[in-house]
Amino acid sequence: MSETLKITDLHVAVEGKPILRGVNLTIQRGETHALMGPNGSGKSTLGNAIMGHPSYEVTGGSIEIDGADLLEMDASERARAGVFMAFQRPMSIPGVKMADFLRHAATNVRNPNRKEGEDLIPMREFRRELKDKMSQLRMDEEFARRYVNDGFSGGEMKRAEILQLAMLRPKFAILDETDSGLDVDAVKLASQSIAEIGGAEMGILIITHHDKLLENNTPNFTHVMMGGRIVETGGVELARELYTEGYDRIRAAYPEAAALDAELSEEQATA
Ligand SMILES: Nc1ncnc2c1ncn2[C@@H]1O[C@H](COP(=O)(O)OP(=O)(O)OP(=O)(O)O)[C@@H](O)[C@H]1O
Ligand SMILES: [Mg+2]
């Protein structure tokens with residue numbers, strides 16, 4: 001069965017202000033999509049809306065996973081349905097250790113019908129898997145004993161997100177600037193790890209301003225967001241054009257979207 005994440009004419013508002021204005025995007029499992037666009041154009045908003053973040057109000061359109069209505073599901077049901085997002089700014093959870101968090105999350109995602117309080121993945125099995133994944137990602141084991149993202153450096157947070165991805169193995173993954181703040185070696189490792197984890201099995205949406213993550217994860221499609229809409233879709237060559245040349249050509253080609261984009265960033269600047 002083909003497995004699909006399908007976004008149709010999605011409109012999203014934050015605090016009553018429209019941000020997304022009709023996004024259409026379909027991702028099949030096994031495909032890699034790059035999402036690019038200027039700062040403030042709505043990329044993270046799209047990810048947050050897919051994940052069901054309460055501040056992002058869907059005012060129109062639909063999101064379906066394998067034909068089921070994602071918008072009817074709460075955030076944990078979305079995770080169980082197989083959608084995952086590595087956040088641009090991950091939250092910290094003081095008091096909850098990485099290992100415990102991952103064991104709960106992995107159990108829930110792998111057994112979508114599990115009831116609260118039923119058995120978790122057996123400790124021994126989980127430990128072994130976690131240890132393997134951490135060594136693959138060249139992470140210190142000590143990391144798993146720390147509280148989730150509490151006092152993590154920027155780079156450590158991003159690597160923790162990749163560890164989550166590796167442990168949860170979702171059907172669809174949104175990686176929101178997982179390369180930002182990583183040093184040169186770490187970004188290379190992240191890029192390779194995503195390719196290994198994702199392989200042909202996941203549908204991946206990579207939000208990025210750079211080329212490194214895309215080096216090992218060649219996008220089948222590149223989308224450009226501007227003014228809350230995807231204005232253009234192409235192949236890997238479009239990604240190359242954007243991270244070398246910027247958005248001047250896109251702004252000139254889509255003046256209406258460019259005007260909306262300018263409006264948004266002006267508001268951002270004066271806010
Ligand atoms: N929680 C929020 N509260 C207020 N405004 C928000 C919120 N989330 C998004 N916005 C606004 O929505 C617009 C789009 O933001 P978004 O984070 O989606 O941009 P982006 O494309 O991810 O940008 P970047 O490349 O800088 O990460 C911006 O004007 C932003 O200020
Ligand atoms: Mg963003």
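**Exercise 1. Work out how strand β11 is paired and how enclosed it is.**

Let's start with a hairpin: β11 and strand β12 (residues 229-234) pair in the antiparallel sense over five bridges. Here strands are DSSP runs of E with at least two residues, and helices are runs of H or I with at least four, numbered from the N terminus. Two strands count as paired if DSSP finds at least two bridges between them.

A word on the model before we go on: it is predicted, so local features need pLDDT of at least 70 and side-chain atom pairs count only at pLDDT 80 or more, while totals for chains, interfaces and linings use all residues. Residues are numbered from 1 along each chain as its sequence is written, chains are lettered from A and ligands numbered from 1 in the order in which they are written, and side-chain values use heavy atoms, with hydrogens and water left out.

Step 1. Pick a pair in the hairpin: Met225 has Ile230 of β12 as its bridge partner.

Step 2. Look at the turn. Two residues lie between the strands, and Gly227 takes a positive phi near 60°.

Step 3. Turn to strand β3 (residues 32-36), which runs parallel to β11 and is joined to it by four bridges. Ala34 stands opposite Thr222 in β11.

Step 4. Check burial (buried is under 20% relative accessible area, exposed over 50%, partly exposed in between, with a 1.4 Å probe and protein chains only). In β11 (residues 221-226), five of the six residues are buried, so the strand is largely enclosed by the rest of the structure.

**Exercise 2. Describe the sheet that holds β1 and β2.**

Step 1. Nine bridges link strand β1 (residues 4-14) and strand β2 (residues 17-28) in the antiparallel sense.

Step 2. Find partners: Ile7 stands opposite Leu25 in β2, and Leu5 has Ile27 as its bridge partner there.

Step 3. In this hairpin, too, two residues lie between the strands, with Glu15 at a positive phi near 50°.

Step 4. Widen the view to an open sheet of four strands, ordered β2-β1-β4-β5 with antiparallel pairing. Its edge strands are β2 and β5 (68-69), each of which pairs on one side only.

**Exercise 3. Map the surroundings of ligand 1.**

Step 1. Count the neighbours (a heavy atom within 4 Å). Ligand 1 is surrounded by 16 residues, the closest being Gly40, Lys43, Ser44, Thr45 and Tyr56.

Step 2. See which element contributes: α1 gives the largest share of the shell, three residues.

Step 3. List polar contacts (N or O pairs within 3.5 Å; within protein, one atom must be able to donate a hydrogen and the other to accept it, and residues adjacent in sequence count only if both atoms are side-chain atoms). Oxygen atoms of ligand 1 lie 3.2 Å from a polar backbone atom of Ser41, 3.0 Å from one of Gly42, and 2.6 Å from a side-chain N or O atom of Thr45.

**Exercise 4. Is Ser191 buried or exposed, and what does its side chain reach?**

Step 1. Locate Ser191 in helix α6 (residues 184-198).

Step 2. Its relative accessible area is 1%, so Ser191 is buried.

Step 3. The Ser191 side chain reaches the backbone oxygen of Lys212 at 3.0 Å.
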